Amino acid sequence: MKRLEVGDKVPDFSSKDQDGNTIKLSDYKGQKLIVFFYPRANTPGCTAEACDLRDHYQEFKDKGYALLGVSEDTEKKQANFKEKYDLPFPLLADTDHTVLETFGVWGEKKFMGKVYDGIHRTTFVIDEEGRVERVIDKVKTKAHAAQLLN
């Protein structure tokens with residue numbers, strides 16, 4: 001797994017959001033974008049992270065940022081997650097791992113002695129030119145907005 005790093009140009013990607021709409025990186029050309037990857041919708045950590053970003057959404061907008069959440073959940077699961085927690089940003093249903101592999105956040109993980117493949121909770125801040133400006137790989141799920149805004 002080769003993760004994108006600061007300074008890397010993000011390759012264009014496309015994936016379906018929770019409503020089945022195709023979302024592409026090029027849709028955000030000329031705009032600052034935060035792409036956050038989370039392991040599974042409706043789990044405690046992912047819910048805390050998404051709700052923290054939701055609660056500070058206006059601050060992100062005021063600073064010129066769009067937000068995009070990504071996991072390997074289905075469109076239906078993403079739609080339920082978005083609706084249940086009133087999330088104001090699109091959630092990509094990256095079931096084929098196109099976006100996960102583009103950013104390099106899919107790979108080996110260890111939990112309680114078990115080794116398995118999964119999503120590494122990581123957030124990328126992308127500038128108006130489509131370059132990675134910042135990578136956060138030690139995400140504080142309950143205070144992620146503060147990590148990004150400070």
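**Exercise 1. Which residues does F103 touch, not counting residues up to four places away in sequence?**

Before solving, some ground rules. This is a predicted model, where local features need pLDDT of at least 70, side-chain atom pairs count only at pLDDT 80 or more, and totals for chains, interfaces and linings use all residues. Residues are numbered from 1 along each chain as its sequence is written, and side-chain values use heavy atoms, with hydrogens and water left out.

Step 1: place the residue. F103 sits in helix 4 (residues 98-103); helices are DSSP runs of H or I with at least four residues, strands are runs of E with at least two, and both are numbered from the N terminus.

Step 2: list the contacts, meaning heavy atoms within 4.5 Å. F103 touches K2, R3, L4, V10, F13, V35, F37, F124 and I126.

Step 3: check the cover. F103 has a relative accessible area of 0%, so it counts as buried (buried is under 20%, exposed over 50%, partly exposed in between, with a 1.4 Å probe and protein chains only).

**Exercise 2. Work out the strand order of the open sheet and say which strands stand at its edges.**

Step 1: pair the strands, which takes at least two DSSP bridges between them. The open sheet has 5 strands in the order 5-4-3-8-9, with mixed pairing.

Step 2: find the edges. Strand 5 (91-93) and strand 9 (132-136) each have a single partner strand, so one side of each is left without a neighbour in the sheet. From one strand to the next, the twist averages 20 degrees.

Step 3: zoom in on one pair. Strand 3 (residues 32-37) and strand 4 (residues 65-71) run parallel and are joined by 6 bridges. K32 has Y65 as its bridge partner in strand 4.

Step 4: add the helix. Helix 3 (residues 75-84) lies across strand 4 and strand 5, at about 160 degrees to strand 5 (axes are lines fitted to C-alpha atoms, for helices over the stretch in contact, and angles run from 0 to 180 degrees between N-to-C directions).

**Exercise 3. Trace the salt-bridge network that includes R3.**

Step 1: apply the cut-off, a side-chain nitrogen of Lys or Arg within 4 Å of a carboxyl oxygen of Asp or Glu. That rule gives 6 salt bridges.

Step 2: follow R3. Its side chain meets that of E5 at 3.2 Å, N to O. R3 also forms a salt bridge with D137, with the closest N and O atoms 3.0 Å apart. D137 lies in the loop between strand 9 and helix 5 (144-149) and R3 in the segment before strand 1 (14-16), so this pair ties together parts 134 residues apart in sequence.

Step 3: check exposure. E5 is partly exposed at 34% relative accessibility, and D137 is partly exposed at 42%.

Step 4: look at another pair. R54 and D55 form a salt bridge too, their closest N and O atoms being 2.9 Å apart. Shared partners join R3, E5 and D137 into one network.

**Exercise 4. Describe the hairpin turn that holds M112.**

Step 1: find the strands. Strand 6 (106-111) and strand 7 (114-119) have M112 in the loop between them. The two strands pair in the antiparallel sense over 6 bridges, and F111 stands opposite K114 in strand 7.

Step 2: look at the turn. The hairpin has 2 residues between its strands, and M112 in the turn has a positive phi of about 50 degrees.

Step 3: check exposure. M112 counts as exposed because its relative accessibility is 72%.
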